[in-house]
Amino acid sequence: MSKFYLNNDKIYNILIILFPLTLIIGSAAVNIFLILISILTIYEIYKRSEILKPIKTIFWTFSLFYIFLLISSFYAENFIEAFRASFSQLRFFLFTIFVYYFFKPEKYLNLLVKFWTILIVLVSLDTFLQFFSGIDIFGYKAEGYTSDERTFLSPFKIMQNQYVGRLSGPFGDELIVGAFLAKISAPLIIYYLGMNKFYNFKDKIYAFLILSIIILTILISGERTSFLIIFTCFVIFLLFKDIKKLFIFIFMITIFIFTIYSSNNFFQNRVNNTLQIIKDIPKSSYGRIYHSSIEVWKKNKLIGTGLKNYHINCIKLKDPNPNNIHKFCSPNHSHNFILQILVETGILGIIFFYIFMFSLFKSFFKKFVIIKTIKYEYKYFASGSLFMLAYTVFPSIIPSGSFFTTWNGSFFWLHMGFILNFFIRTNKNQ
């Protein structure tokens, strides 16, 4: 029997390590993976009753939020869509339980860091190829690529290129390469920055190259929110660890931005557009969507519209500024995690959600004083996951994807799994 569980231990950890690969393959692969993980988790909970004991408060607060989602879907205009989306949230929490209980950092953290680093570098190189040639190694074209004369690996025309806009890398038509890199690499960034003091010169150069590749790829992808995530991640860590390196980092970022800005028309337009949005948010595309979201929420303040029902309710509203070039309603969601939760689940839903999050953070910070007992490599990695979780749930006006979808949601629950895993190890070291 012990041998059986040892084999399971290896298989389960390999599955966790390979998970980012499914995010590259596509939502179908992620869904299949999550269904498999859900079945395995339910089976293991049935076999091992101790799995839920250390997180019973977190389990019950999530259950409260989950039951509310199911009940509120009965009041949604599109009940089927709302109920389906609500019911499917269970697989995410089961994924979190799987990571929390089965990941063994003492055995597999180094392998995870190496594999994720290789994956990030390969995605970055593919994106750089698309940036220079307009086409990546799989034949995926950058946004706006229309020239029939240009061929794969044609001479670089970055200075005059008018065709290449936002990049997708290996994600095909989905312009999410920056989001992937930002959300999956945050733990690695803190890991490499934290471990830097233990590195020899060769390792320091290696870490510097990896971090530079991540930053540059996100910059050229044109994904502003993703860049802000990574920039904030660097700043927060260096602010508490090394002010001198913080100034060096900001100086280097400035040089990177100025170099790309001065040589690429698309990047110039992207930066100028960002400044215009900041100058007048209400009239921007995001401001319009935020406005419509608030108006939709006002119609369903208590329990919201139900998951995936924002657009159905939004198109019934009268556009207060029909002459604006930007659409009043988004075709999918509110483009802001917290605003989306408020619109689709109402005041009650967001209260239940933050009760759930409070139970998580309370459990974590209660053990903050004994974090030093954990092997330092994992402490840095888990801090990156904590940053991503805090960044996600902290209210802001920063745009984001949909919180309840398969691809975006997976990152949130993956990082939660690592945080809970770290928290349980603090308990074991008391």
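**Close-ups of a predicted helical model**

**View 1. Ile-397, out on a loop.** Look between helix 15 and helix 16, and you will find Ile-397 in the loop there. The model is a predicted one, as it is for every view below. Is Ile-397 buried or exposed? It counts as exposed, with a relative accessibility of 54%; the cut-off for that word is over 50%. Even so, Ile-397 has company from elsewhere in the chain: setting aside neighbours within four places in sequence, it is in contact with Ile-281, Tyr-290 and Asn-336. Gly-287 also belongs in this frame, with its C-alpha 9.0 Å from that of Ile-397, although 110 residues separate the two along the chain.

**View 2. The whole chain, before zooming in again.** Step back for a moment and count: the protein chain has 16 helices and zero strands. It runs to 430 residues, of which 55% count as buried. Much of the contact is between distant parts of the sequence: take the contacts with a separation of 6 or more, and 75% of them join residues 24 or more positions apart.

**View 3. How sure the predictor is, place by place.** Averaged over the protein chain, pLDDT comes to 86, and 89% of the residues reach at least 70. Which elements sit at the two ends of the scale? Helix 5 (residues 89–102) has the highest mean pLDDT, 96, while helix 11 (residues 265–279) has the lowest, 76. Then there is the very start of the chain, residues 1–6, where pLDDT is below 50 and the model shows four contacts beyond near neighbours in sequence. Residues 148–163 also stay under 50, and for this stretch the model has 33 contacts beyond four places in sequence.

**View 4. The largest nonpolar core.** This core takes in 129 residues. Which of them touch the most other members? The answer is a set of seven: Phe-180, Tyr-192, Met-357, Phe-381, Phe-412, Met-416 and Phe-418. As for where the core's residues come from, helix 7 (residues 177–195) gives the most, with 14. Now zoom in on Phe-418 and see who is around it. Leaving out residues up to four places away in sequence, Phe-418 touches Ile-16, Val-99, Phe-103, Leu-112, Trp-116, Tyr-378, Phe-381 and Ser-385. Phe-381, one of these partners, is itself among the core residues that touch the most other members.

**View 5. Ala-382, tucked into helix 15.** You will find Ala-382 in helix 15. Its relative accessibility is just 3%, so it counts as buried. Beyond its neighbours within four places in sequence, Ala-382 is in contact with Ile-419 and Phe-422. Tyr-191 is a long way off along the chain, 191 residues from Ala-382, yet their C-alpha atoms are separated by 8.5 Å.

**View 6. Ala-179, a buried residue of helix 7.** Here is another alanine, this time in helix 7. Ala-179 has a relative accessible area of 10% and is buried. Which residues does it touch, not counting those up to four places away in sequence? They are Glu-223, Ser-226 and Trp-407. Ile-218 can be picked out too: it is 39 residues from Ala-179 in sequence, with 8.0 Å from C-alpha to C-alpha.

**View 7. The cavity.** How many cavities of 30 Å³ or more does the structure hold? It holds one, with about 60 Å³ of space inside. Lining it are Lys-183, Phe-337, Met-388, Thr-392, Asn-408, Phe-411, Phe-412 and His-415. Two elements each give two or more residues to this lining, helix 15 (376–393) and helix 16 (406–428). Helix 16 has the largest share, four residues. By type, the lining divides into four nonpolar residues, three polar and one charged. Keep an eye on Phe-412: it lines the cavity and is also one of the well-connected names from the core, where it is among those touching the most other members.

**View 8. Two loop residues with a positive phi.** Neither residue in this last view is a glycine, yet Lys-308 has a positive phi of about 65° and His-335 one of about 60°. Lys-308 belongs to the loop between helix 12 (285–299) and helix 13 (310–314). Go on to the loop between helix 13 and helix 14 (337–366), and there is His-335. Lys-308 counts as partly exposed, at 28% relative accessibility. His-335, at 23%, counts as partly exposed as well.

Methods. Residues are numbered from 1 along each chain as its sequence is written. This is a predicted model: local features need pLDDT of at least 70, side-chain atom pairs count only at pLDDT 80 or more; totals for chains, interfaces and linings use all residues. Side-chain values use heavy atoms; hydrogens and water are left out. On a 1 Å grid over the protein atoms alone, a cavity is a set of points where a 1.4 Å probe fits but cannot get out, and a pocket is an open set with protein on both sides within 12 Å along at least five of seven lines; lining residues have an atom within 4 Å of a point. Grid points are joined across faces, edges and corners, and a volume is the space filled by probe spheres set on the points. Ala, Val, Leu, Ile, Met, Phe, Trp, Tyr, Cys and Pro count as nonpolar, Asp, Glu, Lys and Arg as charged, and the others, Gly among them, as polar. pLDDT is the predictor's confidence in each residue, from 0 to 100. Contact means heavy atoms within 4.5 Å. A nonpolar core is a set of buried Ala, Val, Leu, Ile, Met, Phe, Trp, Tyr and Cys residues joined through side-chain atoms within 4.5 Å. Buried means under 20% relative accessible area, exposed over 50%, partly exposed in between (1.4 Å probe, protein chains only).
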